[in-house]
Amino acid sequence: PALEQGIYVISDRFTDATYAYQSGGRGVPAEKVALLENFVQGDVRPDLTLLLDAPIEVGMARAKSRGKLDRFEEEESAFFNNVRSNYLSRAKDESDRFKIVDATQPLENVQSDISNILKEYINGK
């Protein structure tokens with residue numbers, strides 16, 4: 001309903017995560033994910049995707065510092081390398097939609113980058 005009213009909708013994950021984790025990480029054929037995407041979403045797709053990117057080692061260190069790891073965080077490094085590669089490949093293939101933010105920066109810099117991307121996007125509409 002919000003989209004139909006022209007209201008911006010923000011989601012912390014969407015179908016790109018399914019492609020990255022299920023196709024990239026688990027090896028589910030991308031065609032199967034695409035079938036599910038089209039069945040569930042129809043033609044609804046994000047206009048803008050922010051990819052907060054950091055090397056696997058950085059992400060894992062941050063996850064461990066928060067406490068107990070969840071079932072995804074307990075995966076092997078190869079799984080996360082495949083997930084990251086899938087995200088970066090999608091970002092390259094859809095560079096008009098994806099904006100990559102260097103998440104290795106201090107938090108204030110990451111927040112500033114996100115703010116600048118959103119301002120640019122909104123002002124360009």
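## Helix α1 and its neighbours

α1 passes α2 in a right-handed crossing. The model is predicted. The exercises below work outward from this helix.

**Exercise 1.** Classify the packing of α1 and α2 from the angle between their axes.

*Solution.*
- Step 1: Take the geometry. α1 packs with α2 (residues 30-41) at about 155 degrees, and the axes lie 10 Å apart.
- Step 2: Apply the cut-off. Angles over 145 degrees count as roughly antiparallel. α1 is therefore roughly antiparallel to α2.
- Step 3: Find the residues. From α1 come Thr15, Thr18, Tyr19 and Ser23; they meet Ala30, Val33, Ala34, Glu37 and Gln41 of α2.
- Step 4: Sort them. The contact of α1 with α2 has four nonpolar residues, four polar and one charged.

**Exercise 2.** Do the same for α1 and α4, using their angle and axis distance.

*Solution.*
- Step 1: The angle is about 135 degrees, with the axes of α1 and α4 8 Å apart.
- Step 2: α1 and α4 are therefore oblique to each other.
- Step 3: Their crossing is right-handed.
- Step 4: α1 contributes Asp16, Ala17, Tyr19, Ala20, Tyr21, Ser23, Gly24 and Gly25. α4 answers with Phe79, Asn82, Val83, Asn86, Tyr87 and Arg90.
- Step 5: The residues of this contact split into seven nonpolar, five polar and two charged.

**Exercise 3.** Decide how many residues of α1 are buried, and name what they pack against.

*Solution.*
- Step 1: Buried means under 20% relative accessible area.
- Step 2: Nine of the eleven residues of α1 are buried, leaving the helix mostly covered.
- Step 3: The buried set is Thr15, Asp16, Ala17, Tyr19, Ala20, Tyr21, Ser23, Gly24 and Gly25.
- Step 4: These buried residues pack against α2, β1 (49-53), α4 and β2 (98-102).
- Step 5: Look just past the helix end. Gly27 there has a positive phi of about 85 degrees.

**Exercise 4.** Place Tyr21 in the largest nonpolar core.

*Solution.*
- Step 1: This core holds 14 residues. Tyr21, Val83 and Tyr87 have the most contacts inside it.
- Step 2: Trace the helices. α1 (15-25), α3 (56-66) and α4 (77-93) each supply at least two core residues. α4 gives the most, with five.
- Step 3: List the partners of Tyr21. Leaving out residues up to four places away in sequence, Tyr21 touches Arg13, Arg26, Phe72, Phe79, Val83 and Tyr87.
- Step 4: Link back to Exercise 2. Tyr21, Phe79, Val83 and Tyr87 also belong to the contact of α1 with α4.

Definitions and conventions:
Residues are numbered from 1 along each chain as its sequence is written. This is a predicted model: local features need pLDDT of at least 70, side-chain atom pairs count only at pLDDT 80 or more; totals for chains, interfaces and linings use all residues. Side-chain values use heavy atoms; hydrogens and water are left out. A nonpolar core is a set of buried Ala, Val, Leu, Ile, Met, Phe, Trp, Tyr and Cys residues joined through side-chain atoms within 4.5 Å. Buried means under 20% relative accessible area, exposed over 50%, partly exposed in between (1.4 Å probe, protein chains only). Helices (H or I, at least four residues) and strands (E, at least two) are DSSP runs, numbered from the N terminus. Contact means heavy atoms within 4.5 Å. Axes are lines fitted to C-alpha atoms, for helices over the stretch in contact, and angles run from 0 to 180 degrees between N-to-C directions. Angles under 35 degrees count as roughly parallel, over 145 as roughly antiparallel, 65 to 115 as roughly perpendicular and the rest as oblique. A crossing is left-handed if the near helix is turned anticlockwise from the far one by less than a right angle, and right-handed if clockwise. Ala, Val, Leu, Ile, Met, Phe, Trp, Tyr, Cys and Pro count as nonpolar, Asp, Glu, Lys and Arg as charged, and the others, Gly among them, as polar.
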